[in-house]
Amino acid sequence: MSEKILVLGAGTGGLVAGNLLALNGYNVTIVEKNEYHLFQPGMLWIAFRGHKPDKYMRRVDSLVKPGVNLIHDRVELIDLEDRTVRLSSGKTIDYDKLIVALGASFDYDAVPGHKRLWEQYGDYYSGPQHAERLWRNLSKIKEGTLVLAAANPSYKCPPAPHKAAFLASETIKERGLAGKVRVVLALPFIHAYASETMAEIIEPKLEEAGVEVRTMFTVESIDVENRKIYSLEGEELEYDIAAVVPVHKGPRVEIKPESAVDEDGFLKVDKYTLQIEGFDDAYAVGDCNNTPTSKTGVTAHLGAEVVADRIMGYDSRFTGRTNCPVVADGTAAFVISTYDHPVIPVKFSKFKRLLEDLFIAAYWSSLRDPEKWRTAFKAYFRATDPSVLGEEGW
Ligand SMILES: Cc1cc2nc3c(=O)[nH]c(=O)nc-3n(C[C@H](O)[C@H](O)[C@H](O)COP(=O)(O)OP(=O)(O)OC[C@H]3O[C@@H](n4cnc5c(N)ncnc54)[C@H](O)[C@@H]3O)c2cc1C
């Protein structure tokens, strides 16, 4: 097939869509600025359990199917009207179909003091080197308070701060520092989790792990000199170490026309087809779009399948399905919802932890060879669809 497919970004969404289309004979070009793909949940294990980053990184060229034209360059301008993309090298590429999969970017200047805090302690969102810095800082603490907070209620993988708190408290216990080092999870929600249904399940688990929860705490500013975090709601928290989830924005590239993005820079798409509003030859998958669902690897993967199907002529539709894992103490639960069904109750169990570990083990293969996992994933998502599990959950 001679149709030229241009995929921007070799993250979860870009690799799945690009590889599925290449397998089906399309002429696929992927543009990616980095040589390595990072399994982003791995940053939690680097920052709070001291894992080595290379465990969670693979060369991008090892994750694309033969025949994919992989270009390592930075996207600077996407001109949807002109059907061209300009790269940092000065090269301009045209396309028949475009898939934007550039993920989200972070704004460390949005909250006063955040950039200095991040430079000092690192975090578990912005890259393996920053996660390693957080681990080094955590390793020094003998007593005091670790604060894990968020600067905005909307961020990728909503249970990531909870996972961070569970993993940090495991490390602190192993070091014999329980009671000396407090873990405080400060969140911009009414409950311990954005969805009350899951908050009721997660909260007792946090209590069991000795994590102190502060609700209705949206980080407004950080006083690095006096080690205090202030919230929009008028509260303050003292810390000895802190990591704050950064404010998320759309990809840091120029997009023409400007009306294709919302006020935070996310691409405006039809939530079912993932087509960019007003352009039937352009799609946006994963964290870079404005779909009203959680930004996660699972949604990026499922969205990429929908886009690949649609380009191949099938009437596939994205359901907004989420499956965010919360990992705690040898067990796991999943935050499951779709556009049509709010979050259902899913309890922690060892079996779900096994499933999560299997998903992680399958990650690299599911990017390079998504077709091999489709039947198994489909069976899982069908069996655990909220309409099947119902209000009783799982
Ligand atoms: C701490 C943490 C824990 C998480 N845990 C989970 C989890 O357990 N389960 C889950 O499903 N999800 C989880 N996620 C979320 C998940 O990793 C993301 O939602 C997913 O990676 C999004 O995929 P994407 O393809 O949209 O974007 P990304 O995977 O971020 O890919 C974007 C790609 O675009 C490239 N790029 C960006 N700008 C440019 C440019 N200008 N030019 C060229 N290339 C560019 C980037 O280098 C990157 O490779 C977690 C995230 C974090 C941070």
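# A friendly walk through a predicted model

Me: In this predicted model, what is the strand order of the open sheet of 4 strands?
Reply: Happy to start there. This open sheet has parallel pairing. Reading across it, the order is β13-β12-β11-β17.

Me: Which strands are at the edge of that sheet?
Reply: An edge strand pairs on one side only. That description fits residues 211-214 and residues 241-245. The edge strands are therefore β13 and β17.

Me: By how much are neighbouring strands of this sheet turned against each other on average?
Reply: The direction of the strands is ignored for this angle. The average turn between neighbours is 20°.

Me: Which residue of β13 is the bridge partner of Ala186?
Reply: Strand β12 covers residues 181-186, and β12 pairs with β13 in the parallel sense over 4 bridges. Within β13, the bridge partner of Ala186 is Arg214.

Me: Turning to the open sheet of 5 strands, what is its order?
Reply: The pairing in this sheet is parallel. Its strands follow the order β5-β2-β1-β9-β20.

Me: Why is one side of β5 and of β20 left without a neighbour in the sheet?
Reply: β5 spans 69-72 and β20 spans 282-284. Both stand at the edges of the sheet. One side of each is without a neighbour because each has a single partner strand.

Me: What does the twist average from one strand to the next in this sheet?
Reply: The twist is taken from each strand to the next. Its average is 15°.

Me: Is strand β1 mostly covered or mostly open, and how many of its residues are buried?
Reply: Strand β1 runs over residues 4-8 and is mostly covered. Of its 5 residues, the number buried is 4.

Me: Which residue in β2 is the bridge partner of Leu8?
Reply: β1 and β2 run parallel and are joined by 5 bridges. In β2, the partner of Leu8 is Val31.

Me: And in β20, what is the bridge partner of Val100?
Reply: Strand β9, residues 97-100, runs parallel to β20, with 3 bridges joining them. The β20 residue bridged to Val100 is Ala284.

Me: Which residues around the ligand come nearest?
Reply: There are 36 residues around the ligand, and they divide into 19 nonpolar, 11 polar and 6 charged. At least two shell residues come from each of α1 (12-23), β2 (27-32), α2 (42-49), α7 (297-311) and β21 (322-328). The nearest are Gly9, Gly11, Gly103, Gly286 and Gly297.

Me: Is Leu206 buried or exposed?
Reply: Leu206 has its place in helix α6, residues 196-208. Not counting residues up to four places away in sequence, Leu206 touches His162, Ala165, Leu185, Ala192, Val211 and Val213. It takes 20 or more other C-beta atoms within 10 Å to be buried. Leu206 has 22, so Leu206 is buried.

Me: What distance separates the C-alpha atoms of Leu206 and Lys115?
Reply: Along the chain these two residues are 91 residues apart. Their C-alpha atoms are separated by 28 Å.

Me: Where does Cys157 lie, and what is its phi?
Reply: Cys157 is in the loop between β11 (144-150) and α5 (160-174). Cys157 counts as buried, with 24 C-beta neighbours inside 10 Å. Most residues other than glycine have a negative phi. Cys157 is not a glycine, yet its phi is positive, at about 50°.

Me: Is Asp329 buried or partly exposed?
Reply: Asp329 sits in the loop between β21 and β22 (331-337). Asp329 has a positive phi of about 55° although it is not a glycine. Its C-beta neighbours inside 10 Å number 15, so Asp329 counts as partly exposed.

Me: Which residues are joined by a cis peptide bond?
Reply: Most peptide bonds are trans. In this cis bond omega is about 0°. Its proline is found in the loop between β19 (254-256) and β20. The residues joined are Lys256 and Pro257.

Me: Taking the whole chain, what is its radius of gyration?
Reply: The chain has 10 helices and 22 strands, and buried residues make up 45% of its 394 residues. With 394 residues, a compact globule would have a radius of gyration near 21 Å. The value for the chain agrees with that: 21 Å.

Key: Residues numbered from 1 in each chain as written. Predicted model: local features only at pLDDT ≥ 70, side-chain atom pairs only at ≥ 80, totals over all residues. Rg over C-alpha atoms; globule rule 2.2 N^0.38 Å. Buried ≥ 20, exposed ≤ 12 C-beta atoms within 10 Å, placed from the backbone. Pairing = 2+ DSSP bridges. Axes fitted to C-alpha atoms, helices over the stretch in contact; angles between N-to-C directions. Near = placed C-beta within 6 Å. Nonpolar A, V, L, I, M, F, W, Y, C, P; charged D, E, K, R; others polar. Contact = placed C-beta atoms within 7 Å.
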